[in-house]
Every structure is written in C-alpha cells, then in structure tokens.
Amino acid sequence: MSSVNIIPYEGQYQAEFKRINEAWISKFFVMEEADYQALDHPEEKILNPGGAIVLAELGGKIVGTCALIKMSDDQYELAKMGVDENAQGHGIGYKLGMAVIEKAKELGGKKVYLETNSKLTPALSLYRKLGFVDVEDFPTPYERCNVQMMLDLSI
C-alpha cells in the first residue's frame with residue numbers, strides 16, 4: 001500500500017468530503033439536517049467560523065475526511081470523520097484524528113469534543129486510542145448521538 005498523505009481541505013474536494021461521510025452515515029443511520037448543512041456548506045459551517053478540515057489522500061484519491069469545528073475560543077469538536085470502506089484497516093482514521101488534534105492545539109484549543117454512537121465500535125476504539133474519554137450532558141443536534149467524548153489537550 002502506498003503512503004497516505006494528510007492534506008488540507010480545498011473547495012474542489014467538497015464532493016469527496018460529502019461522499020465519504022454520506023456513505024458511512026447512510027450505512028448505519030439516516031442523514032440528518034445538521035449533516036446536510038455541514039457537508040453541503042463546509043466553508044460556511046466549518047471553515048469560516050474558525051474550524052478546519054483535513055483529508056486523507058492515497059494514490060491520488062481522497063479516501064478519508066475529518067473536520068474540526070470551533071465550539072468556543074478554546075474548545076473544538078472532532079466531526080465528520082470517515083474513511084472510504086475500501087481503504088479501512090490501514091490506520092487512516094488514526095492519522096486523520098492525530099492531524100485534527102494537532103490542528104486544535106495550533107489554534108489554541110484546550111479541549112476537543114466528539115459525538116458518536118455506541119454501535120460504531122471501531123470508531124469508539126479509535127477515539128479511546130487517541131485519548132478521548134466519555135463525558136455526558138452536552139446538547140446535540142443529532143438523533144443518533146448516544147456517546148459523547150472529550151480530549152483534554154492541557155494534560
């Protein structure tokens with residue numbers, strides 16, 4: 001397998017950003033309004049408010065995505081992480097996760113939050129490997145969210 005490159009999002013990649021995320025969300029859940037907002041308008045919903053998106057490129061193809069959404073001056077949300085089914089099992093999710101955690105630190109972030117679902121066991125394992133721990137009681141726009149996690153960057 002050739003090496004994976006983590007690259008910053010550019011507008012030309014919007015269709016790939018949406019395709020990869022829509023594929024995993026639709027496989028396990030139902031696309032919700034908040035999904036369409038972020039995936040159809042990443043500049044407006046993620047980048048312009050102070051967030052970032054990174055992509056995994058392999059052999060000239062975009063095979064993974066991960067967004068970092070600004071929640072407050074020092075807190076960000078890891079969101080819209082997805083890896084193309086044909087590219088899973090090669091550590092791409094871990095590389096994407098590490099890239100957005102580093103980006104959060106660069107932007108002055110002290111904490112990174114995420115939302116997921118308990119039936120996504122590979123994702124839960126990845127998040128724990130990245131250092132996230134379970135938290136509760138944050139408001140969420142997603143019906144599918146039943147697990148919330150936080151990574152404290154100040155530790």
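Twelve salt bridges are found when the whole structure is searched. The model is a predicted one, and the description below follows several of these contacts through it.

One salt bridge joins D35 to K80, with the closest N and O atoms 2.7 Å apart. Because D35 belongs to helix α2 (residues 33-40) and K80 to strand β4 (residues 75-83), this pair ties together parts that are 45 residues apart in sequence. Both partners fall under the 20% limit for a buried residue: D35 has a relative accessible area of 0%, and K80 has a relative accessibility of 9%.

D35 also takes part in a salt bridge with R144, at an N to O distance of 2.6 Å. Here too distant parts of the chain are linked, since R144 sits in the loop between β6 (133-135) and β7 (147-152), whereas D35 is in helix α2, 109 residues apart. R144 is likewise buried, its relative accessible area being 13%.

These contacts belong to a wider arrangement. E32, D35, K80 and R144 are connected in a network of salt bridges. Within it, D35 bridges to K80 and to R144.

A further salt bridge has another setting. The side chains of D73 and K70 meet with an N to O distance of 3.9 Å, a value that lies within the 4 Å cut-off for a salt bridge. D73 is exposed, with a relative accessible area of 66%, while K70 is partly exposed at 31%. In the D35 and K80 pair, by contrast, D35 is buried and K80 is buried as well.

Methods: Residues numbered from 1 in each chain as written. Predicted model: local features only at pLDDT ≥ 70, side-chain atom pairs only at ≥ 80, totals over all residues. Heavy atoms only, no water. Helix = DSSP H or I, 4+ residues; strand = E, 2+ residues; numbered from the N terminus. Buried < 20%, exposed > 50% of the residue type's maximum accessible area, 1.4 Å probe, protein only.
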